Amino acid sequence: MIMHSKLAEVRSSEVEEGLEYLDYKINLDEVVQQGIEVQLDGHLTDDLSFVPGYAWQDFENQGRELSGETELDDRAEHFFTARLTWQISPATSVTFNYEYQDEQVVKTSTETAPDVYEFEDIPIDSFDIAGISVTHKLFDEFQGLRNCRLMLYCHNLFDEEYENTSGYPGTDLTVGTGISVEF
């Protein structure tokens, strides 16, 4: 669900004709970034491994650039991932994936008059996505090719409706296959 609410009307600094987009930059010296990212990797048994991860991030633009209002907002504050892999045999494994993304607000701007911008907040709901994949090693080495693996996967297993960080609908239930090889 997308809702729009008017945030503010802002006038940027006067810019000489022909140089209008040169002020569409973010002064990173004026950005305060806070956050933490933690990821653990371990084994519950010899055949069962896990990788949980958590990230918290907060960006605050303290500069006067308009681009700082719209470019630093498209990040969720909280993000959690988890992966559990079961090694069924030396060549085959099954992996269960889970990810959670916190609600967020995306800001968009519209130029309502020359060098006058109106900002809108677009809230994006939090979402959970689960997936599963099966990977099978076809061979270790063959004529210069190494570690050939075939993967079957299912992303968004429960067909959740969600929006990505830009506010566009996320992918539906996706089933696919892939092959990877090193050379």
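These notebook entries record what I looked up in the structure.

**Entry 1. The model and its outline**

I noted at the outset that this is a predicted model. I then looked up the secondary structure and found one helix and eleven strands in the protein chain. Read from the N terminus, the order of elements is β-β-β-β-α-β-β-β-β-β-β-β.

I next turned to the chain totals. The protein chain has 183 residues, of which 26% count as buried. Its exposed area is about 12600 Å², and carbon and sulfur atoms supply 53% of that area. I also looked up the contacts with a separation of 6 or more: residues 24 or more positions apart account for 57% of them.

**Entry 2. A nonpolar patch on the surface**

Which residues make the nonpolar surface patch? I listed Ile36, Val38, Leu40, Tyr54, Phe80 and Tyr98, and the patch covers about 500 Å². I took Val38 as the member to follow up. Val38 sits in strand E2, which spans residues 31-39. Its relative accessible area is 39%, so I entered Val38 as partly exposed. Patch members must have over 30% relative accessible area, and Val38 passes that cut-off because its value is 39%.

**Entry 3. Salt bridges**

I recorded the background to this search: side chains of opposite charge can pair when their charged atoms come close. How many salt bridges does the count give? The count comes to two.

One of them joins the side chains of Asp140 and Lys137, with 2.9 Å from N to O. Asp140 is partly exposed, because its relative accessibility is 46%. Lys137 is likewise entered as partly exposed, at 25% relative accessibility.

I also found a salt bridge between Glu182 and Arg146, where the closest N and O atoms are 3.8 Å apart. This pair links distant parts of the chain, since Glu182 belongs to strand E11 (residues 174-182) and Arg146 to strand E10 (residues 145-155), 36 residues apart. I entered Glu182 as partly exposed, with a relative accessible area of 38%. Arg146 is partly exposed as well, with a relative accessible area of 34%.

**Entry 4. Thr135**

Is Thr135 buried or exposed? I found a relative accessible area of 16%, which means that Thr135 is buried. Thr135 lies in strand E9, residues 127-142. Leaving aside residues up to four places away in sequence, I listed its contacts as Ala91, Thr92, Ser93, Arg149, Leu150 and Met151.

**Entry 5. Asn156**

Where does Asn156 lie? I located Asn156 in the loop between E10 and E11. Asn156 is buried, because its relative accessible area is 0%. With residues up to four places away in sequence set aside, Asn156 touches Ile129, Ala130, Tyr162, Thr171, Asp172 and Leu173. I also looked up the separation of Asn156 and Val175: they are 19 residues apart in sequence, and their C-alpha atoms are 9.0 Å apart in space.

**Entry 6. Cysteines**

I noted that a disulfide is a covalent bond between the sulfur atoms of two cysteines. How many disulfides does the structure hold? I found zero. I then looked up the exposure of two cysteines. Cys148 has a relative accessibility of 5%, so I entered Cys148 as buried. Cys154 also counts as buried, at 13% relative accessibility.

Key:
Residues numbered from 1 in each chain as written. Predicted model: local features only at pLDDT ≥ 70, side-chain atom pairs only at ≥ 80, totals over all residues. Heavy atoms only, no water. Patch = residues over 30% accessible without salt bridge, like charges linked within 9 Å, V, L, I, M, F, W, Y side chains within 5 Å. Areas by Shrake-Rupley, 256 points an atom, 1.4 Å probe, with all protein chains shown as cover. Salt bridge = Lys/Arg side-chain N within 4 Å of Asp/Glu carboxyl O. Helix = DSSP H or I, 4+ residues; strand = E, 2+ residues; numbered from the N terminus. Buried < 20%, exposed > 50% of the residue type's maximum accessible area, 1.4 Å probe, protein only. Contact = heavy atoms within 4.5 Å. Disulfide = S-S within 2.5 Å.
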